[in-house]
Protein chains: 2
Amino acid sequence: MELLMVFKALSNETRINMLIWLKQPHLHFPAEELEDYDANLGVCVSDITQKAGLSPSTTSDYLSILQKCGLIEATRVGQWTYYKRNEGAIKTLNKLIQKAF
Amino acid sequence: MELLMVFKALSNETRINMLIWLKQPHLHFPAEELEDYDANLGVCVSDITQKAGLSPSTTSDYLSILQKCGLIEATRVGQWTYYKRNEGAIKTLNKLIQKAF
DNA sequence: CAAACATATCGATATTTCCCGAAATCCAGA
DNA sequence: TCTGGATTTCGGGAAATATCGATATGTTTG
C-alpha cells in the first residue's frame with residue numbers, strides 16, 4: 001500500500017467514481033446482475049465500461065491501475081472479470097492517511 | 001475542498017513530503033527559525049526549497065498547488081512567505097475521504 | 001533611489017498520463 | 001474446432017505535468 005501510488009490512481013475523476021460506484025453496485029449498475037452483487041462477486045468490466053462511458057480498453061486499463069495499488073480486486077469467472085472493492089485495503093488506507101497527515 | 005484536486009496535488013512525492021515536513025517544522029527545518037515554528041508562523045520558501053532539493057521556482061509552484069486546493073496557507077511577512085498546514089482543511093479532508101470511500 | 005534578496009511568474013522542453021482503435025488472448029457454445 | 005463475445009495488451013497522438021532558467025515583482029536597507 002504505497003501512498004503515492006494510491007494518490008496517482010485517485011488523481012483521475014473516473015477512477016475516483018469507479019471506487020464510489022463499486023461501493024453500492026445495485027445503485028449504479030444494471031439490476032439484472034443483482035445476484036452477483038448480493039454474492040459480493042463484484043461488477044463485470046462491460047457494465048463498468050458502460051457506466052464510465054469510456055472505451056473497453058481504457059476501462060480495463062483504469063481498473064488495472066486501481067487493482068495494482070490494492071484498492072480493488074478481480075475475480076475471473078468464465079469470460080468475465082468481476083471487480084470489487086478491497087475493503088480491507090481501503091480501511092488500511094484511511095488509517096495510513098490519518099497517520100501520515 | 002475538491003477531492004480530485006487534492007489527489008492531484010498529492011500525486012507527487014515531494015508535495016506529499018512537504019505536507020509531512022510542515023507537520024513538525026522543528027524536526028525537518030533549520031533550528032534557527034525555531035521561534036517562527038513555535039509562533040505557528042510556518043516555514044519560509046527558501047528553507048522548504050533547501051529541504052526539497054528543487055529549484056526555487058519549482059518549489060514555489062508546488063507550494064502554490066498545495067495552497068490552491070486548501071491544504072496549506074501562506075503568510076507574507078516582509079520579503080518572506082511562510083507556509084503552514086491548514087489543519088482544519090486537512091481534518092475536513094480526512095472526513096471527506098472517510099465518507100466517500 | 002540603487003543594490004541585494006526572497007518569491008512568483010513565464011516560456012520552454014522532457015516526461016507522464018489520457019484515451020483511443022487494432023490486435024491478441026481467453027473462454028463458451030455450435 | 002470455428003465463431004463470437006469479453007477482456008487485456010499494444011502502439012500512438014493529444015493533453016497535462018514536471019521542472020528548469022530567465023525574468024518580473026515586491027521588500028529592505030544603505
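Which helix of chain A holds A:Arg15? The answer is helix H2, and I shall return to that residue after an overview. Please bear in mind throughout that this is a predicted model.

Let me begin with the overall architecture of chain A. The chain contains 7 helices and 3 strands. Followed along the sequence, these elements appear in the order α-α-α-α-β-α-α-β-β-α. The radius of gyration is 13 Å, close to the 13 Å that the globule rule gives for 101 residues, so chain A is as compact as a globular protein of that length. Along the principal axes, its C-alpha atoms fill a box of roughly 40 × 25 × 25 Å.

Next, the interior and the surface. Of the 101 residues in chain A, 44% count as buried. Among contacts with a sequence separation of 6 or more, 52% join residues that lie 24 or more positions apart. The exposed area of chain A is about 5400 Å², and carbon and sulfur atoms supply 49% of that area. As to charge, chain A carries 11 positive and 11 negative charges, and the mean positions of the two sets are 11 Å apart.

I turn now to the nonpolar core. In soluble globular proteins, nonpolar side chains tend to be buried together. Here the largest nonpolar core has 55 residues. Which of them touch the most other members? They are A:Leu10, A:Leu71 and A:Phe101, together with B:Leu10, B:Leu71 and B:Phe101.

A:Phe101 deserves a closer look. Setting aside residues up to four places away in sequence, A:Phe101 touches A:Leu3 and A:Phe7 in chain A. From chain B, its contacts are B:Leu10, B:Ile16, B:Leu19, B:Ile20, B:Lys23, B:Arg85 and B:Ile90.

A second residue with contacts to chain B is A:Gln98, placed in helix H7, residues 87-100, of chain A. Is A:Gln98 buried or partly exposed? With a relative accessibility of 43%, A:Gln98 counts as partly exposed. Beyond its neighbours within four places in sequence, A:Gln98 is in contact with B:Asn94 and B:Gln98.

Let me now return to A:Arg15 in helix H2. Its relative accessible area is 9%; the cut-off for a buried residue is under 20%, and A:Arg15 is therefore buried. What surrounds A:Arg15? Not counting residues up to four places away in sequence, A:Arg15 touches A:Lys8, A:Ala9, A:Tyr62, A:Ile65 and A:Leu66. One of these partners, A:Ile65, is 50 residues from A:Arg15 along the chain, with 8.7 Å between the two C-alpha atoms.

Helix H2 of chain B, residues 13-21, includes B:Met18. This methionine is buried, with a relative accessible area of 1%. Apart from residues up to four places away in sequence, B:Met18 touches B:Ile48, B:Ala52, B:Thr59, B:Tyr62, B:Leu63 and B:Leu66. B:Met18 and B:Lys51 are 33 residues apart in sequence, and their C-alpha atoms are 9.0 Å apart in space.

Back in chain A, consider helix H5, residues 45-52. Which residues of this helix are buried? They are A:Asp47, A:Ile48, A:Thr49 and A:Ala52. The buried residues of H5 in chain A pack against three helices, namely H2 (13-21), H4 (34-38) and H6 (56-68), and against strands S1 (43-44) and S3 (80-85).

Within helix H5 of chain A, A:Thr49 has a relative accessible area of 12% and is buried. Leaving aside neighbours within four places in sequence, A:Thr49 is in contact with A:Leu54, A:Ser55, A:Pro56 and A:Thr59. A:Thr49 and A:Ser60 are 11 residues apart in sequence and 8.1 Å apart from C-alpha to C-alpha. After helix H5 of chain A comes A:Gly53, with a positive phi near 70 degrees.

Finally, there is a backbone feature in a residue other than glycine. A:Asn40 has a positive phi, near 60 degrees, and is found in the loop between H4 and S1 of chain A. At 48% relative accessibility, A:Asn40 counts as partly exposed. In chain B, phi of B:Asn40 is likewise positive, near 60 degrees. B:Asn40 is found in the loop between helix H4 (34-38) and strand S1 (43-44) of chain B, and at 49% relative accessibility B:Asn40 counts as partly exposed.

Thank you for your attention.

Note on methods
Residues numbered from 1 in each chain as written. Chains lettered and ligands numbered in written order. Predicted model: local features only at pLDDT ≥ 70, side-chain atom pairs only at ≥ 80, totals over all residues. Heavy atoms only, no water. Helix = DSSP H or I, 4+ residues; strand = E, 2+ residues; numbered from the N terminus. Rg over C-alpha atoms; globule rule 2.2 N^0.38 Å. Buried < 20%, exposed > 50% of the residue type's maximum accessible area, 1.4 Å probe, protein only. Contact = heavy atoms within 4.5 Å. Areas by Shrake-Rupley, 256 points an atom, 1.4 Å probe, with all protein chains shown as cover. Lys, Arg positive; Asp, Glu negative; His and termini not counted. Charge placed at Lys NZ, Arg CZ, Asp CG, Glu CD. Core = buried A, V, L, I, M, F, W, Y, C linked by side-chain atoms within 4.5 Å.
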